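Here's a short tour for anyone meeting this structure for the first time. We'll look at a few strands, and then at some enclosed space.

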Amino acid sequence: MKSKILAITLFFSVSAAAADDVVMRAMRDELDRSMRKLQLENLQKPYFISYRAVEIQNCNAGASFGALTNSYCEAPTTGQARSRNLSVEVRVGDYARDNTNFFVPMGDYGVARPFYLGGASVPIDDNYDEIRRQLWLITDSLYKNALDDYAKKKAALENRTRTEDAPDLSKEDVVTLEQPTAPVTWNRAEFERTVKDLSALFREAPGIDGSKVTLGSNHWVTRFVNSEGTSYIRDMSLATLTINADAQAADGMPIADFEVIRAKTVSQLPPRDEIVKRIRALQSRIERLRKSDLLERYNGPVLFESDAAGELFLQALGSALTGVPRTVVDDTRLVRAFNANGGFADRIGARVLPDFLTVTDNPAAHEFQGQPLFGGYDIDDDGVMPHPTILVDHGILKMLLHTRALLPGTTHSSASRRGNGPMPSNLLISSDKSLSPDQLKAELLRMAKQRGNDFGIVVRRMSNPQLQNALLRTRAIIVTRGNGPASINVDPLIEAYKVFPDGREELVRNLEINNLNFGSFKDIAAVSDHPQVYTAPVRIIVQSPGGFRLGFRAPGGPNVVSMAVPAMLFDDLTLQRPAGDVPNLPFTKHPYFDK
């Protein structure tokens, strides 16, 4: 942070790889021994093994109304990780077909599988012998399980022919990457002073009765080796300042909004004056929302600008742009349940967006037009070097993001492994045809008039399910009406405006999108000529259970996606107020302001 808001001291060490890295040495030695000696009687040896260790350090403090609510920070002198999580992958068979991507109901009943669900924590001390012991036990257990799974998988496939049969593991280039690691120590007292100072600003906002400011900084060091010869040491960090606030309108409906500021390190966060301005803007939005009117229902064109455009795209299409192989199941009754795959699995070659839009995922990008991107990395969790992947080319879906577990028609990973499966990194949307902001708003009004509406709707902010849970409150509307079976469920809108032909804008609140579907995105009528960078956490739903056979993979970096997204004008959407029971207002005033 560029002012006195926070001080942070960095202690840099030489590259962990250049020194005697005990963890890497233990993983390499046990990997070599396992590949040479691990074999049960006359059964197959593993053809592939990988070890991945993630060390995590963090410092986090939160405050509400000037009072500290939580604080945890790594001891400033230890230099040790708070935790060290290990994931092991053992494959039996060959690249074309192995023990993975297979599910047997009750297949694990009565079998001790210590690594099956929860992963494993290894000592944070650099104890070579104990790390080797943990690796040995987990590898041995997974090898026995892999033999069992491989035999059952072959039996399940004996009497059927798969119409979509891709190799279970791709062959990738051998890579070595050794990034210097920079152990970080934080000043816990400064974290606490910062959040108390900023949260005290809500003492000047009587209309807001719930607020919290959280400052967190995370540092990840990931070490990886596999039997093909790939190895890496990857260093990543992210600092996040989150401000949440909520209130109730006069009719009792909940109002909530947030601000999130990110940087690679705490020292790179904006100065205090800029943060205060953003908090004041948040307070102003909440106050204006409390006094705004409800809109019962609207059918017609809707323009998504600013943060709302990125949030809508991520929530609606984030999971759909990822893919996992179809799971082989022992019981064919479970095929449909385990192979839903996010929505676009059967749409390769089909039009999913207008023909003037192209979507590229580029984990190697670090900025877009001078604005930082936070979703990228220098190597993915599988040890594959990042590269741009065109997902949608002029409206046509060309590929889904995937890992080394290949999809039909693919031969290599898209370098998208993050944690347990594929995930977008930096989504860049480009357009062959765009309008200026004024032209886009004029087009909105033209389309609204054509539909017989007196106004159009512009949306500028939208809720995010992972950013609005900080207050841990129960001011939710009890919903009594749902969307249709093919609809995409997205979070409610926060900031939406009626836009009139004379240029007036009238704020409306508590709106939801009803019956949004994939077809809605094909009908985007126009986009702006100025993409805006938006970053947010995204929840990727991987419906295949096959990945759990490899054990839980701790995230080795930030769980966020960055987007460069233009404003998007949708041809026709339905917006409406929530249907359900509304929470009552408090019976008495906020005690601080009841004077």
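Which residue in strand 18 does D361 stand opposite? In this predicted model, the partner of D361 is T389. That pair belongs with a bit of strand pairing: strand 15, covering residues 357-361, runs antiparallel to strand 18, residues 389-393, with three bridges between them.

Strand 18 has another neighbour too. Strand 19, residues 396-397, is joined to strand 18 by two bridges, again in the antiparallel sense. Here V392 sits opposite L397 of strand 19. Strands 18 and 19 make a hairpin, with two residues between them. One to look at in the turn is H394, with a positive phi of about 50 degrees.

Here are the two pairings side by side:

| Strand pair | Sense | Bridges | Opposite residues |
|---|---|---|---|
| Strand 15 and strand 18 | antiparallel | three bridges | D361 and T389 |
| Strand 18 and strand 19 | antiparallel | two bridges | V392 and L397 |

Now for the empty space. How many cavities of 30 Å³ or more are there? The count is five. Let's take the second largest cavity, which holds about 60 Å³ of space. Ten residues line the second largest cavity, and the closest to its centre are F48, E89, L169, D382 and R404. Strand 2 (46-64) and strand 4 (83-92) are the elements that each give two or more residues to that lining. What is the lining made of, by residue type? The second largest cavity is lined by six charged residues, three nonpolar ones and one polar one.

Notes:
Residues are numbered from 1 along each chain as its sequence is written. This is a predicted model: local features need pLDDT of at least 70, side-chain atom pairs count only at pLDDT 80 or more; totals for chains, interfaces and linings use all residues. Side-chain values use heavy atoms; hydrogens and water are left out. Two strands pair if DSSP finds at least two bridges between them. Helices (H or I, at least four residues) and strands (E, at least two) are DSSP runs, numbered from the N terminus. On a 1 Å grid over the protein atoms alone, a cavity is a set of points where a 1.4 Å probe fits but cannot get out, and a pocket is an open set with protein on both sides within 12 Å along at least five of seven lines; lining residues have an atom within 4 Å of a point. Grid points are joined across faces, edges and corners, and a volume is the space filled by probe spheres set on the points. Ala, Val, Leu, Ile, Met, Phe, Trp, Tyr, Cys and Pro count as nonpolar, Asp, Glu, Lys and Arg as charged, and the others, Gly among them, as polar.
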